[in-house]
Amino acid sequence: MTESRRPSLLWRAYEALAMVIGLGSLALMCLLWLPFALLLYPLLPKLAGQTLGRKAISLIARLYLGLLRWVCACRFDLSELDRLRSDTPLIVAANHPSLLDAVLILSRLPNAVCVMKASLMDNVLFGSGARLARYIRNNAPVEMVLGARDELRGGAQLIIFPEGTRTTDFPVGPCLPGAALIAARAKVPVQTVLIEFSTPYLGKAWPLFRPPQLPLRCRVRLGRRFDPPADVRAFTLELAAYFRAELTEAPASAAEAVLSEMSPCPKPPAATSS
């Protein structure tokens, strides 16, 4: 049995620095966009504002992931999301293991609208950009469903995390009926998206200021596309069962093989023996 090597102090220091760079750069990008979003929200017509707002958020997400890739030893395989760019209207339903999940999807879908927590919509960093993009608050269920239906009828792609919060019971928690209700009301298919990380970084149980274990690898793959449901409750249970099966049945060796095919990144230096 081989003994796993512990990262050196130098590598741990790099992980801590990468955390500071990652969190700080996202905050800085949002702050730079904030005054423009504040100014443009009352000035632009709704259609022009939401189009500009969504494209700006998608661009910021791409720049941010590029920074994480080149500076913070992160590797992202998001290529399958590109197949969805022209599929509209569409509900994109994903599992939610990390705070990075929405950023990953938005970086590839420039006409996507998110269902967001009310606390994030009111957040100083994210609120102005989200309002310009006409993202949807989730605190009023009826208004959320009707607002999502209207966006889908306008040709948007709707991003929703059926669990309602980051996963607490891995591989996936119970699903809420929101995605099913919206799909049934709008008569729009639900495209599942499966997000897999090499570690649970920025998950529910990972403190915000705990450094990541680098290199961090993430793969986003497309799952099954469901037709609009006739039975909301049955569909919600089916969706949760599908996510659970897809995220647990793949052997660990297969997942490791997929990750090994992605771009190489530096390995932590071997710990020196005392």
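**Notebook: rings, sheet, core and odd backbone spots**

I began with the aromatic rings and found 6 aromatic pairs in the structure. W11 and Y14 make a tilted pair, because their ring centres are 5.1 Å apart and their planes meet at 50°. A tilted pair falls between the two cut-offs, under 30 degrees for stacked and over 60 for edge-to-face. I note that the model is a predicted one.

Where do W11 and Y14 sit relative to each other in helix 1? They are 3 residues apart in that helix, which spans residues 9–43, so about one helical turn separates them. I then checked whether each is covered. W11 has 8% relative accessibility and therefore counts as buried. Y14 has a relative accessible area of 25%, so I put it down as partly exposed.

Next I looked up F226 and F235. Their pair is edge-to-face, with 90° between the planes and 5.5 Å from centre to centre. Both F226 and F235 are buried. Which residues form one aromatic cluster with F226? I found F235, Y242 and F243 in it.

One more ring caught my eye. R210 lies over the face of W206, 3.8 Å from the ring centre.

**Entry on Y242**

I followed Y242 out of the cluster. Y242 belongs to helix 8, residues 232–249. Is Y242 buried or exposed? Its relative accessible area is 16%, so Y242 is buried. Leaving out residues up to four places away in sequence, I listed its contacts as T192, L194, G223, R224 and F226. F226 is thus a contact of Y242 and also a fellow member of its aromatic cluster. I also took the C-alpha separation of Y242 and V172, which is 9.9 Å for two residues 70 apart along the chain.

**Entry on the sheet**

I counted 9 helices and 7 strands in the chain. How are the 7 strands ordered in the sheet? The order is 1-7-6-2-5-3-4, the sheet is open and the pairing is mixed. Strand 1 (74–77) and strand 4 (136–137) are at the edges with a single partner strand each, so one side of each has no neighbour in the sheet.

I looked closer at strand 4. It pairs with strand 3, residues 112–116, in the parallel sense over 2 bridges. M116 stands opposite R137 of strand 4.

Then I asked which strands helix 7 lies across. Helix 7 (residues 178–186) crosses strand 2 (90–94), strand 5 (157–160) and strand 6 (190–197). It runs at about 160° to strand 5.

**Entry on the core**

How many residues are in the largest nonpolar core? I read off 77 residues. Those with the most contacts inside it are I91, L104, Y135, L158, I182, V193 and I195. Helix 2, residues 46–71, gives the most to this core, with 7 residues. As background, nonpolar side chains tend to be buried together in soluble globular proteins.

I picked I195 and listed its contacts, again leaving out residues up to four places away in sequence. Among them are A94, P97, D101, L104, C218, V220 and L247. L104 is on that list and is also one of the residues with the most contacts inside the core.

I added two totals for the chain. Buried residues make up 47% of its 274 residues. Of the contacts with a separation of 6 or more, 77% are between residues 24 or more positions apart.

**Entry on the backbone**

Last, I searched for unusual backbone geometry. Most peptide bonds are trans, and most residues other than glycine have a negative phi.

Which peptide bond leading to P89 is cis? The bond from T88 to P89 is, with omega near -10°. P89 is in the loop between strand 1 and strand 2. L214 and P215 are also joined by a cis peptide bond, with omega about 0°. I placed P215 in the loop between strand 6 and strand 7 (216–226).

A73 is not a glycine, yet its phi is positive, about 55°. It lies in the loop between helix 2 and strand 1. A73 is buried, with a relative accessible area of 4%. L202 has a positive phi too, near 60°. I found L202 in the loop between strand 6 and strand 7. At 4% relative accessibility, L202 is buried.

Key:
Residues numbered from 1 in each chain as written. Predicted model: local features only at pLDDT ≥ 70, side-chain atom pairs only at ≥ 80, totals over all residues. Heavy atoms only, no water. Phe/Tyr/Trp six-rings, centres within 6.5 Å; stacked < 30°, edge-to-face > 60°. Helix = DSSP H or I, 4+ residues; strand = E, 2+ residues; numbered from the N terminus. Buried < 20%, exposed > 50% of the residue type's maximum accessible area, 1.4 Å probe, protein only. Lys NZ or Arg CZ within 6 Å of the ring centre and 35° of its normal. Contact = heavy atoms within 4.5 Å. Pairing = 2+ DSSP bridges. Axes fitted to C-alpha atoms, helices over the stretch in contact; angles between N-to-C directions. Core = buried A, V, L, I, M, F, W, Y, C linked by side-chain atoms within 4.5 Å.
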